[in-house]
Amino acid sequence: MKLSLFSLFSLFASVAVAAPAVPGWRFDLKAERSGIVALEAIVVSPTLVVFFDRASDDPLQINNHSAWGALWNLETSTVRPLDVLTNSFCASGALLSNGTMASVGGDPRGFPGNPDIEPGLQGLRIFEPCASPTGDGCTLFEDPQTLHLLESRWYPSSIRIFDGSLLIVGGTHVNENFYNLHPANSFEFFPRKEDTPRPSAFLERSLPANLFPRIFALPDGKVFMVAGNQSIIYDIEANTERILPDLPNNVHVTNPIDGSAILLPLSPPDFVPEVLVCGGTQTDPINPLLLSSQTPATTQCSRITLTEEGIAKGWEVEHMLEPRTMPELVHVPNGQVLIANGARSGFAAIKQVQDPIGNSNSDHAVLVPSLYTPDAPLGLRISNAGMPSSGIARVYHSSITLTPQGNFLVAGSNPNANTTVGPGIKFPSEFRVQTLDPPFMFVERPKILNTPEKLAFNKSFTVPISIPLTLARPGAKVQVSLMDLGFSSHAFHSSARLVFMDATISQNRKSLTFTTPPNGRVFPPGPATIFLTIDDVTSEGAWVMMGSGNSPPTLE
């Protein structure tokens, strides 16, 4: 049979049309809603995420009142309420070395119609490790009379440090309207190590826009901090600070002038720390009445290497594709950073600046995320090619977190004083939940078949894996990441951490051998998730305990 040139062209065209499309990033809207505004989110097990909101009038009910805590099931995309005693609004939190989640600080106010709410300023909310995949029987523990912070703290930050305990930084003593005029310029620890908080000259200098300081545990045990436009390295053991260069161009990045920040991935053998700070606004903290919902945010990202040479060089500036206030930076297991959420103009807080949009101090929501590639050349690191639009504004009081499944859970947004919904409201209280699914979610993925429950530091482990034939090529890029999935609140993912581990795959492609970090300074002891990535196709995460699992403090 002879085929004409036209027939051949038609045949090839039909084959091309029939070829499967290359999968891309996708937003997936879940059928069930969160029931509370998920303004704080933390993964507490392979299947569960804890959400917190303010004590308010959210639709999810428990014990005949509105809930302000909830458990989101990652397997079923369903929610169940958690009974919370103190007001967790604008709190912080992290996982401890024994796997316990601690939520710290909160709001002093109650809510009409619910007389059982207790003030949250010194709140400590404890969620013990939950063995049930569905959260059955898993509850919060609170005892405000005997278990509380040393100092009142609304809008604090907290991170797990080298001994598995929490360092708690900053906040305010009262329910502020905008700036921090009644500051908690101090540090403390949980579990408590000292009888009084440690005063902080850095927090004093960075007033009045220094709420939710951006803080990171460095691989030598010290802590890097950004507040306002200032930065330091704090030595916990010596109780001293080293002043670092200010952020360039007078860009401020902490609440209510919110940018975001992240500790870039740490790699062996030297685990050199670099910090990336993106977004915020190029402004002095001036009278809020001189600011507006239309004040442009900045496109600026600033990056610094925390070595002697890097500090002397100072901040390196690059730019996002659009201005963003209140973005959030989140690790991707392959070492990239997701830039998501936020708005092109305005500020955090509620109806305190000129031209509010309803109650929102911000406007022009950014709906399309970007990816930041740390090892790409300067100027070519940020791209949104192939990234979808969420279709849902995620501005003030939104959250996002990487999940053990490898995708991102996106929820919340509420620049309002309580539950505000209805027609004509541009930025309502948002109860819709989405996942942002990377392309590897739609192809065959490598699998980590089994891991020890606990991993000692500075040891090699061999675990069984399976690898699809599509990823079995010689010379494939293999990455094994050890991750703390962090605590999402107010445009900051506290405690988020990615440490790459040296790793090899056996010749028969059935086992993976990796070497854990040398000590608890490189990766603070506590829960971790291991991901195997081959040529940018990532496995589901393996939930492990990095270290002994002992209660803090534990030096490992």
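In this predicted model, strand S13 (residues 166-169) and strand S14 (residues 186-190) pair in the antiparallel sense, and four bridges connect them. Within this pairing, valine 169 has phenylalanine 187 of S14 as its bridge partner. The two strands belong to an open sheet of four strands, whose order is S12-S13-S14-S15 and whose pairing is antiparallel. Strand S12 (157-160) and strand S15 (198-199) stand at the edges of this sheet, and because each has a single partner strand, one side of each is left without a neighbour in the sheet. In general, the strands of a sheet pair through backbone hydrogen bonds, in either a parallel or an antiparallel manner.

**Disulfides**

A search of the whole structure finds two disulfides, which are set out below.

| Disulfide | S to S distance | Angle about the S-S bond | Hand |
|---|---|---|---|
| Cysteine 130 – cysteine 138 | 1.9 Å | 80° | right-handed |
| Cysteine 278 – cysteine 301 | 2.0 Å | 115° | right-handed |

The pair of cysteine 278 and cysteine 301 links distant parts of the chain, since cysteine 278 lies in strand S22 and cysteine 301 in strand S24 (residues 300-305), 23 residues apart. Cysteine 278 is buried, with a relative accessible area of 0%, and cysteine 301 likewise counts as buried at 0% relative accessibility. In the other link, cysteine 130 is buried with a relative accessible area of 11%, and cysteine 138 is buried with a relative accessible area of 16%. When the bonded cysteines of the protein chain are numbered in sequence order, the pairing reads 1-2, 3-4.

**Backbone features in loops**

Most residues other than glycine have a negative phi, and most peptide bonds are trans. Against that background, two residues and two peptide bonds may be noted.

Serine 77 is not a glycine, yet has a positive phi of about 55°; this serine is found in the loop between strand S6 (69-73) and strand S7 (78-82), and serine 77 is buried, with a relative accessible area of 17%. Cysteine 90, also not a glycine, has a positive phi of about 60°. The place of cysteine 90 is in the loop between S7 and strand S8 (92-95), where cysteine 90 is buried with a relative accessible area of 0%.

The peptide bond from asparagine 255 to proline 256 is cis, with omega near 10°, and proline 256 lies in the loop between strand S20 (251-252) and strand S21 (259-263). A cis peptide bond also joins proline 268 and proline 269, with omega of about 5°; proline 269 has its place in the loop between S21 and strand S22 (274-279).

**A buried aspartate**

Aspartate 437 is found in strand S34 (residues 434-437). Aspartate 437 is buried and yet has no salt bridge, the nearest side chain of opposite charge being that of lysine 30, 5.3 Å away. Which side chains make polar contacts with the side chain of aspartate 437? One is the side chain of asparagine 407, at 2.8 Å, and another is the side chain of threonine 435, at 3.0 Å. When its neighbours within four places in sequence are left aside, aspartate 437 is in contact with Gly24, Trp25, Arg26, Asp28, Asn407 and Phe442. Asparagine 407 thus appears both in this list of contacts and as a polar partner of the aspartate 437 side chain.

Note on methods. Residues are numbered from 1 along each chain as its sequence is written. This is a predicted model: local features need pLDDT of at least 70, side-chain atom pairs count only at pLDDT 80 or more; totals for chains, interfaces and linings use all residues. Side-chain values use heavy atoms; hydrogens and water are left out. Two strands pair if DSSP finds at least two bridges between them. Buried means under 20% relative accessible area, exposed over 50%, partly exposed in between (1.4 Å probe, protein chains only). Lys and Arg count as positive and Asp and Glu as negative; His and the chain ends are not counted. A salt bridge is a side-chain nitrogen of Lys or Arg within 4 Å of a carboxyl oxygen of Asp or Glu. A polar contact is a pair of N or O atoms within 3.5 Å; within protein, one must be able to donate a hydrogen and the other to accept it, and residues adjacent in sequence count only if both atoms are side-chain atoms. Contact means heavy atoms within 4.5 Å. A disulfide is a pair of cysteine sulfur atoms within 2.5 Å.
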